[in-house]
Amino acid sequence: MIKGHHLSNADNATSSRATADAAEDLKRSDVLAIQEHREAEERHGSIEERLRHLETQLEEKNQELQRARQREKMNEEHNKRLSDTVDRLLTESNERLQLHLKERMAALEDKNMLIQESELLRKQLEESLHDKERLAEEVEKFHSEVQQMKMQSAALLDPAKSR
């Protein structure tokens, strides 16, 4: 019995040691599992934090994109208004230039007509002056002839005066 008891104590000691080893292994395993669980939670927390950070950045970028689209729309509207204004101003300017051109053309036409009339009047004046000179010469010639005729008729009527 002593032998059995001894064996039993030895078995107990081995069994106790095995149990202690098993408990130690279990404890280590639990500690590792807890550490892995903490790391996983930290990673998960870190991932969630990173995800929240990315969502915030995404929201900021969306707002920035929205503002850029609004600016682009405003720029397009502004450019359209400017283009319309430029078109209107060009049209008005063109109309004024066309009117001015018509006025200038009419004035030039009037000037050309006046020049033609002036040339015609100048020619008529030259012809009239030429006619006047010719007529003055004829009048002078007739006047001389009349004087000669008067003198001849006076001589015929009063032969004594003519001597």
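Let's start with one side chain: at 43% relative accessibility, Arg-88 counts as partly exposed. Its partner is Glu-92, and the two side chains meet in a salt bridge, 3.3 Å from N to O. Glu-92 is partly exposed too, with a relative accessible area of 29%. Why can these two be linked along the chain? Arg-88 and Glu-92 are four residues apart in helix α1, so about one helical turn separates them. Side chains of opposite charge can pair when their charged atoms come close. Keep in mind that what you're looking at is a predicted model.

Now zoom out to the whole chain. The protein has one helix and zero strands, and that helix, α1, covers residues 2–157. The C-alpha atoms fill a box of roughly 225 × 20 × 15 Å, taken along the principal axes. For 163 residues, a compact globule would have a radius of gyration near 15 Å, but here the value is 68 Å.

What about an interior? Buried residues make up 0% of the 163 residues. In total, the protein exposes about 15,600 Å², and carbon and sulfur atoms supply 56% of that area.

Charges are next. There are 28 positive and 36 negative side chains, and the centres of the two sets lie 3 Å apart. The structure holds six salt bridges, including the Arg-88 and Glu-92 pair from the start of our tour.

Further along helix α1, have a look at Arg-134, which is partly exposed with a relative accessible area of 38%. Arg-134 forms a salt bridge with Asp-131, where the closest N and O atoms are 3.6 Å apart. Both of these residues lie in helix α1, three residues apart, or about one turn of the helix. Arg-134 also forms a salt bridge with Glu-138, with the closest N and O atoms 3.1 Å apart. Here the spacing is four residues in helix α1, so Arg-134 and Glu-138 are again separated by about one helical turn. As for how open these partners are, Asp-131 is partly exposed at 32% relative accessible area, and Glu-138 counts as partly exposed at 30%.

Another group to find is Glu-119, Arg-122 and Glu-126, which are linked in a network of salt bridges.

Finally, which residues form a nonpolar patch on the surface? They are Leu-101, Met-105 and Leu-108, with about 280 Å² of accessible area together. Met-105 lies in helix α1, the one helix of this protein.

Technical notes
Residues are numbered from 1 along each chain as its sequence is written. This is a predicted model: local features need pLDDT of at least 70, side-chain atom pairs count only at pLDDT 80 or more; totals for chains, interfaces and linings use all residues. Side-chain values use heavy atoms; hydrogens and water are left out. Patches are made of residues with over 30% relative accessible area and no salt bridge: like charges are joined within 9 Å, nonpolar side chains (Val, Leu, Ile, Met, Phe, Trp, Tyr) within 5 Å. Accessible areas come from the Shrake-Rupley method with a 1.4 Å probe; for residues, only the protein chains shown count as cover. A salt bridge is a side-chain nitrogen of Lys or Arg within 4 Å of a carboxyl oxygen of Asp or Glu. Helices (H or I, at least four residues) and strands (E, at least two) are DSSP runs, numbered from the N terminus. The radius of gyration is taken over C-alpha atoms; the globule rule is 2.2 Å times the number of residues to the power 0.38. Buried means under 20% relative accessible area, exposed over 50%, partly exposed in between (1.4 Å probe, protein chains only). Lys and Arg count as positive and Asp and Glu as negative; His and the chain ends are not counted. The place of a charge is taken as NZ of Lys, CZ of Arg, CG of Asp or CD of Glu.
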